[in-house]
Amino acid sequence: MSDNSLRVVWVYPDLLSTYGDQGNVLVVERRARQRGLDVARLDVRSDQPIPTSGDIYLIGGGEDRPQRLAAERLRRDGHLYQAVQNGAIVFSVCAGYQILGHEFINDLGQREPGLGLLDVTSTRGEGERCVGDVFADIDPRLGLPPLTGFENHQGVTHLGPTARPFAQVKIGKGNGTGDGTEGAYNDTVFGTYMHGPVLARNPQIADLLLKLALDVNALPPTDDRWYEALRGERIAAAQQPA
Ligand code: GLN
């Protein structure tokens, strides 16, 4: 690892890594290396301090109890907040997304404070759990092709005025508020309900994270035939009638 390695931090793999979310780390690493970048990957367990010097932080989903433990430890640690103040990029999935907001309902049915890095608040949905394939248009400002992913959550996430919806669902529930929004972002902090793992299904999102981290507008092209085949397969699955 050299001093100018891209530092990719995988936050709490022991608590937050459901439905293959670890794949997001592998995809970011691979796409960075394909561009000739030196990558330092740091897997930070929940009993270790979060480094503040990371460039990209990835956070996965989790069941309700690990989600509460992760929120408690991240609040106590405080370094993720500091890293974002330093300009770090954060990409979070499902439970990780809820933790980045103001609060969510924990496994004890109580309001659990989040980190306040995204202007979102999650409640517990009264209806059926949101489970299934999702197909959505990503916010046009981000210039990305449609999003595909797999959702599985009970939480419903409401966006405040400073959070922009990450995407608008054509199939699936997304934030679960009934307005069709999926995920949220603000500047360098992103949250989505998409598992999949989402960056394997949508490698252009991994490239967006790399471009933000490197502060560049474009990256050298890669051979994406494998990814496109996977995307095509998952989009077709999402469009199958239930
Ligand atoms: N426990 C949360 C919910 O059900 C998050 C689930 C997940 O990360 N898949 O809303």
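## A first look

Which residue does UniProt list for "binding site" in an unreviewed entry? That residue is Arg129, and we will come back to it below. First, a word on the model: it is predicted. The protein chain averages a pLDDT of 95, and 98% of the residues score at least 70. For the complex, the predictor gives an ipTM of 0.95 and a pTM of 0.96.

The unreviewed UniProt entry also lists residues 7-202 as "domain: CobB/CobQ-like glutamine amidotransferase". Over that stretch, the chain is 22% helix and 36% strand. The C-alpha atoms at its two ends are 21 Å apart.

## The listed active site

For "active site", the unreviewed UniProt entry names Cys94 and His195. These two span 102 residues in sequence, yet their C-alpha atoms are no more than 7.7 Å apart, so they gather at one spot.

Cys94 sits in the loop between strand 4 (89-93) and helix 4 (95-100). With 29 other C-beta atoms within 10 Å, Cys94 is buried. Setting aside residues up to four places away in sequence, Cys94 touches Gly61, His153, Tyr193 and His195.

His195 belongs to the loop between strand 13 (189-192) and helix 5 (198-201). His195 counts as buried too, with 23 C-beta neighbours inside 10 Å. Beyond residues up to four places away in sequence, its contacts include Thr18, Gly61, Cys94 and Asn152.

## Around the ligand

Now look at the ligand. The residues around it are Thr18, Gly61, Gly62, Glu63, Asp64, Gln67, Cys94, Ala95, Asn152, His153, Gln154 and Gly155. Helix 2 (64-77) and strand 9 (147-153) are the elements that give two or more residues to this shell. By type, the shell divides into two nonpolar, eight polar and two charged residues.

Here Arg129 returns. You can find Arg129 in the loop between strand 7 (120-124) and strand 8 (130-138). Leaving aside neighbours within four places in sequence, Arg129 is in contact with Asn152, His153 and Gln154, and these three residues are among those around the ligand. Is Arg129 buried or exposed? Arg129 counts as partly exposed, because it has 13 C-beta neighbours inside 10 Å.

## The nonpolar core

The largest nonpolar core has 66 residues. Those with the most contacts inside it are Val11, Val28, Ile56, Tyr57, Leu58, Val90 and Leu209. Helix 6 (residues 203-214) gives the most to this core, with six residues.

Leu209 is a good residue to follow here. Apart from its neighbours within four places in sequence, Leu209 is in contact with Val28, Ile56, Ile89 and Phe91.

Notes: Residues numbered from 1 in each chain as written. Predicted model: local features only at pLDDT ≥ 70, side-chain atom pairs only at ≥ 80, totals over all residues. pLDDT = per-residue confidence, 0-100. UniProt positions renumbered as here; feature names shortened; annotations may be inferred. Helix = DSSP H or I, 4+ residues; strand = E, 2+ residues; numbered from the N terminus. Near = placed C-beta within 6 Å. Nonpolar A, V, L, I, M, F, W, Y, C, P; charged D, E, K, R; others polar. Core = buried A, V, L, I, M, F, W, Y, C linked by C-beta atoms within 7 Å. Buried ≥ 20, exposed ≤ 12 C-beta atoms within 10 Å, placed from the backbone. Contact = placed C-beta atoms within 7 Å.
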